[in-house]
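User: I'd like to learn how to read the empty spaces and the sheets in a model like this one. Can we go through them feature by feature?

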Amino acid sequence: PVRDLQIGQATDFFCLILFFLVAVIANLPTLQLERAQRKIRDLLHRQTQESEQRLNMALQAARMGIWDCDFVANKAIWSPEAERLFGLEPGSFDGNPETFYAAVHLDDRAALTQAMQQAIQSGDLYQFQYRAVLPDGSIRWVESTGQVFYDKASNPIRMVGTVADIEARKQIEAALCQYERVVSSTSDGIALVDRHYTYQMVNQTYVERAGKPHKAIVGHTIADLHGEEVFSTIIKPRLDRCLAGEIIRYEEWFSYPHLELQFIGVTYSPYLERDGSIAGVVVNTRNLTELKQVELILQEKEAFLRSIYEGTEESIFVVDVLKNGDFRFAGLNPTHARLKGITNEALQGKTPEEVLPPEDAAQVRQNYQHCVETGSMTYIEKIRFGAQDLWWITNLQPLRDEYDRIYRLIGTSTN
């Protein structure tokens, strides 16, 4: 009691004051520590809230959710974004693993279970892509990634991970697969080479034509495939022009180990990065060997026929039948030019009216029209060239194109 407190001497009073001061000083660090601890707790609380907000914003932007599966309690926790990915309202997931399995496409459930069991047994990262069936019946591709945790006895107790919406990625992959199938099925050989003339990609046709396995082409240079001489003299100069931004087209005979010489039509197109820089060349090759062989045969036949056309004493002329029904002279052989006293240059491309007197031109046009309407014909005609009238026995033969349209008349005349 206060009334029992008596101070007999001054020294007692000073001792009491000293004791009080010591007690106050001793308690100051404790008070400051408590205030500091409160500040730290408040700061950590605010930082935690801010971190959670930033995490939630990031997860929403990435369309990714978090899940936590407790094997012991047989319960699962989904973040709000994970619930949204499965078409649920935030907070509506009941935590039952069976609810999750029911939302997995029937065709993917067995493979998902196997992937989870493998991760649990091995301790490896769990990662699996599957189709989620939303409450409205729509399908969404998602990818789950998780890590298994074990107790001290190495028993699995929980798995924590993320689930992400990969629908857009799957659509891109499907489009890429479609492009790949198109590129692989085309009869053209297609390749991508970088700026060091090294193959980065080739399609199946290119592989088959080269007669080497895929791994013997990709990662190797063009010189390795075609030889240094062919590369240096034929291919490299054109590739360098393409790498400078030019589209190059050419045709050349190439030798392949398991084939005879092949006549190949080649196109080089610059391969552009997103920033517009040229990263390499897209090579498109088309086998034109059969066409070239046909062309050579036709050239031989043309040369043979031209020798007859130019060397025969028979007078031969050619008339084009235009689509509008008009007639224009296409040419005449030297014998015809000599007999009629007119050059090929003076006749070529002109109508009968531009070359002949009006009366003769009208008769010639009538004969040509009759041949178009009835077929081959032979007749006698008198035509004035220059100052003389010449009598001719003329035979006309119509030529038809692939559409069965008469496009040309071949005539022979005997003076």
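User: How many cavities of 30 Å³ or more does the count come to?

Analyst: The general idea comes first: rolling a probe the size of a water molecule over the atoms shows where empty space is left. Here, on a 1 Å grid over the protein atoms alone, a cavity is a set of points where a 1.4 Å probe fits but cannot get out, while a pocket is an open set with protein on both sides within 12 Å along at least five of seven lines; lining residues have an atom within 4 Å of a point. Grid points are joined across faces, edges and corners, and a volume is the space filled by probe spheres set on the points. By this rule you get 2 cavities of 30 Å³ or more. Keep in mind that this is a predicted model: local features need pLDDT of at least 70, side-chain atom pairs count only at pLDDT 80 or more, and totals for chains, interfaces and linings use all residues. Residues are numbered from 1 along each chain as its sequence is written, and side-chain values use heavy atoms, with hydrogens and water left out.

User: What volume does the largest cavity have, and which residues are the closest to its centre?

Analyst: The largest cavity has a volume of about 180 Å³. It is lined by 17 residues, and the closest to its centre are Tyr 199, Tyr 206, His 226, Val 283 and Thr 285. Two or more lining residues come from each of helix H6 (204-210), helix H7 (222-226), H8, S8, S9 and S10. Those labels are DSSP runs numbered from the N terminus: helices are H or I, at least four residues, and strands are E, at least two. By class, the lining of the largest cavity has 14 nonpolar, 2 polar and 1 charged residues. For the classes, Ala, Val, Leu, Ile, Met, Phe, Trp, Tyr, Cys and Pro count as nonpolar, Asp, Glu, Lys and Arg as charged, and the others, Gly among them, as polar.

User: Let's zoom in on His 226. Why does it count as buried?

Analyst: Buried means under 20% relative accessible area, exposed over 50%, and partly exposed in between (1.4 Å probe, protein chains only). His 226 counts as buried because its relative accessibility is 17%. His 226 lies in helix H7 and touches Tyr 199, Tyr 206, Ile 235, Phe 254 and Tyr 256, leaving aside residues up to four places away in sequence. Contact means heavy atoms within 4.5 Å. Across the protein, 32% of the 415 residues count as buried.

User: Now the sheets. In what order do the strands of the open sheet with S7 and S8 at its edges come?

Analyst: In general, strands of a sheet pair through backbone hydrogen bonds, either parallel or antiparallel. The working rule is that two strands pair if DSSP finds at least two bridges between them. In this open sheet of 5 strands the order is S7-S6-S10-S9-S8, with antiparallel pairing. Strand S7 (199-202) and strand S8 (248-254) are the edges, each pairing on one side only. From one strand to the next, the twist averages 25 degrees. Strand S9 (residues 262-272) and strand S10 (residues 278-287) are joined antiparallel over 9 bridges, and Ser 269 stands opposite Val 282 in S10.

User: Which helix packs on that sheet, touching S8, S9 and S10?

Analyst: Helix H8 (residues 228-243) does, and its direction makes about 165 degrees with that of S8. Helix H9 (residues 289-311) lies across S8, S9 and S10 too, running at about 130 degrees to S9. Axes are lines fitted to C-alpha atoms, for helices over the stretch in contact, and angles run from 0 to 180 degrees between N-to-C directions.

User: What about the open sheet with S2 and S3 at its edges: what is the strand order there?

Analyst: The order is S2-S1-S5-S4-S3, again 5 strands with antiparallel pairing. S1 and S2 are joined by 4 bridges, and Asp 68 stands opposite Ile 77 in S2. H4 packs on this sheet, touching S3, strand S4 (139-150) and strand S5 (156-165), with its direction at about 155 degrees to that of S3.

User: Back to empty space: how much lies in the largest pocket?

Analyst: About 410 Å³. It has 13 lining residues, and the closest to its centre are Arg 306, Tyr 309, Val 318, Arg 408 and Ile 410. H9 gives the largest share of that lining, 5 residues.
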